[in-house]
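Subject: Structure handover, with notes on voids and a helix

Hello,

Here is the structure I promised to pass on. Please open it beside this message.

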Amino acid sequence: MQIEVRDAAIRFTGRWEIGEKAATTTAPGGMIEIAFKGTAAVLRFDMEMNMPPYPHVWISVDDGAKIEAALSHVLRVEAPDDGNHVIRVIYKGAVEIQHRWYQPLIGKLRFTGVEADAPGVLPEDPRKIIEFIGDSITEGVLIDAMYEFEQFNQNNRPNQDDSTATYAYLTAMELGMKPVIMGYGAVGVTRGGCGSVPKASEAYPYNFNGSPAKAQNPELIVINHGANDRRMPVELYISEYKTLLEVVREVNPDAKIVVLSAFCGVYPAELRALVEAFNRERGDAVYFIDSTGWIPEEPLHPLRDGHQIVAQHLTHALREIL
């Protein structure tokens, strides 16, 4: 039987547009959980307008090892016994520059349901949500930079990028929280980026153009922007960062917001002063964390070990806030 995307046996985490027949995201890190009964399930994806190299996903069954796969119209799962099974699919990474804001969406994951004997029962997930807002570093770009097989660099991205190896995902796991990740390459507070994604304050309220993002009700929000603003005047950076803070606070009146300075050392003193002024003016309690010296400024995109170091520092700092 066909289990539709709005069935109680399917759960989405991340920035998804969930319709009657399909659920769509363009943000790596988005997760689908599917419970089914039986020994086999066929996951279906709408790949119209997807172009090679196709996005990569992680797939695991019943909390087993993750297996990486390129997106396909159907992905089959076979279980060793007839029972209740849970599949987890995570959007690992895609080609940064593929269109992922305006229609037609190319760099997308569009799930259309699953075929199985019957819907299963999903385990409860009581974890609180931690949301991350950032750029290509938060997206997981070039974490595995050594996997370079194609002459056109962007074609290597699905093999090089991994949303689940980022400081964001690792920090969430260490804190026992559920990660919601909004990271898009080349985006900053002052500029739009790859895939026609607009600047951070304009993008935040949407999954993609014309698709309002559902409020996630996060316990904690971490903002890390600056790597793509480092050539902009500090006055513009601070002004646009304030706008982003205002937008994020309006959508999330009760969340704890953390401003994390850019790892490459972009205007940390001025950013701290902005947070202090923002709190005075609004009677708010936004937190500032200075990441200066956590990792070297190069490479701009940390490798796996760099993300692990950042996650260690950030986890420690956030535990004090929580």
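The notes below cover the cavity, two pockets and one helix.

This is a predicted model, where local features need pLDDT of at least 70, side-chain atom pairs count only at pLDDT 80 or more, and totals for chains, interfaces and linings use all residues. Residues are numbered from 1 along each chain as its sequence is written, and side-chain values use heavy atoms, with hydrogens and water left out.

**Cavity**

The count is 1 cavity of 30 Å³ or more. A cavity is a set of points, on a 1 Å grid over the protein atoms alone, where a 1.4 Å probe fits but cannot get out. The largest holds about 40 Å³ of space; a volume is the space filled by probe spheres set on the points, which are joined across faces, edges and corners. Its lining (residues with an atom within 4 Å of a point) consists of Ile133, Gly134, Met182, Tyr184, Val187, Val197, Ala200, Ala203 and His225. Strand 10 (129-134) and helix 4 (200-203) each give at least two of the lining residues. Helices (H or I, at least four residues) and strands (E, at least two) are DSSP runs, numbered from the N terminus. By class, the lining has 7 nonpolar, 2 polar and no charged residues. Here Ala, Val, Leu, Ile, Met, Phe, Trp, Tyr, Cys and Pro count as nonpolar, Asp, Glu, Lys and Arg as charged, and the others, Gly among them, as polar.

**Pockets**

A pocket is an open set with protein on both sides within 12 Å along at least five of seven lines. The largest pocket has a volume of about 270 Å³. Of its 14 lining residues, Phe12, Gly14, Lys214, Ala215 and Gln216 lie nearest the centre. The classes are 6 nonpolar, 5 polar and 3 charged.

The second largest pocket comes to about 210 Å³. It is lined by 15 residues, with Met31, Arg88, Ile90, Tyr169 and Met173 closest to its centre. Its lining divides into 5 nonpolar, 4 polar and 6 charged residues.

**Helix 6**

Helix 6 (residues 268-282) has 15 residues and should span 21 Å at 1.5 Å a residue (1.5 Å times one less than the number of residues). Its end C-alpha atoms are 21 Å apart, which agrees. Its buried residues (under 20% relative accessible area, 1.4 Å probe, protein chains only) are Leu271, Leu274, Val275, Ala277, Phe278 and Asn279. Gly283 follows helix 6, with a positive phi near 65°.

Best wishes

Key:
Buried means under 20% relative accessible area, exposed over 50%, partly exposed in between (1.4 Å probe, protein chains only).
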